[in-house]
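Dear colleague,

I am handing over the structure below, and after it I set out what was found when its charged side chains were examined. Please read the notes with the model open beside you.

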Amino acid sequence: HHRIAPGPVTHEHDEVVDPGLLTVEPEQLYAWLAQVVAEARQDERVSLDRAEVVWTVATDVIATSAGVRGSSAQASCRWLAMGMARTAEEVTSFDHDGAQVVRREAIDSEIARSIGDFRRSVVGSLGARQGESYRGAVLLHPSVVMELLADVVETNCDGLLHVDDVTSWKGRVGEQVASPLLSIYEDPTDRT
């Protein structure tokens, strides 16, 4: 068990930790898990491979010999459903969805929303047809571009991967590794 002093707990951003999430009994976790499963199985074609609920209470504390002292706390609940849709003739690809909340009163509605999205996604994949081929320019929203590029750039710039020699960009500092239209610069000493 993890104990935190009674009353509202603030962390460094002046947010109050929901007291309703400071103590959660195992029975409640099982009830939330049952809700995740029931929401997914509202359509009998949904086949779950995995469902989970995780409750976390964490406190970070720092104290230095120079007199610096601080602490922060967070309590949250997150869940996930992963699976596919099945019929006698067809099995869809896997999908997953879930959410994380920091307010206990949001759990029921967010389970319904996020796991409902999962259910609709896998059931909506039934009866898929081959798409039409297209060649030509595509205009992408900046957030989509970041989604597509961020993992590639982040992975290949990870220092540990360079140390372990498992990145194709090892030893290529100063070399062009992507389109000249893309420029990424990082300086860990730059505090601006």
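**Salt bridges in the predicted model**

In this predicted model, Glu39 forms a salt bridge with Arg119, and the closest N and O atoms of the pair are 2.9 Å apart. Because Glu39 lies in helix 1 (residues 26-40) and Arg119 in helix 2 (residues 107-124), the pair ties together parts that are 80 residues apart in sequence. Both Glu39 and Arg119 are buried.

A salt bridge also links Glu52 and Arg50, whose closest N and O atoms are 2.5 Å apart. The surroundings of these two residues can be read from their accessibility: Glu52 has a relative accessibility of 17% and therefore counts as buried, being under the 20% cut-off, whereas Arg50, with a relative accessible area of 43%, is partly exposed.

Within helix 2, Asp117 and Arg120 lie 3 residues apart, which is about one turn of the helix, and they form a salt bridge in which the closest N and O atoms are 2.8 Å apart. Asp117 counts as partly exposed at 30% relative accessibility, and Arg120 is likewise partly exposed, its relative accessible area being 48%. Asp117 and Arg120 belong to one network with Glu110 and Arg113, joined by salt bridges that share partners.

As general background, side chains of opposite charge can pair when their charged atoms come close. In total, the count for this model comes to 7 salt bridges, among them the pairs Glu39 with Arg119, Glu52 with Arg50 and Asp117 with Arg120.

With best wishes

Methods
Residues are numbered from 1 along each chain as its sequence is written. This is a predicted model: local features need pLDDT of at least 70, side-chain atom pairs count only at pLDDT 80 or more; totals for chains, interfaces and linings use all residues. Side-chain values use heavy atoms; hydrogens and water are left out. A salt bridge is a side-chain nitrogen of Lys or Arg within 4 Å of a carboxyl oxygen of Asp or Glu. Helices (H or I, at least four residues) and strands (E, at least two) are DSSP runs, numbered from the N terminus. Buried means under 20% relative accessible area, exposed over 50%, partly exposed in between (1.4 Å probe, protein chains only).
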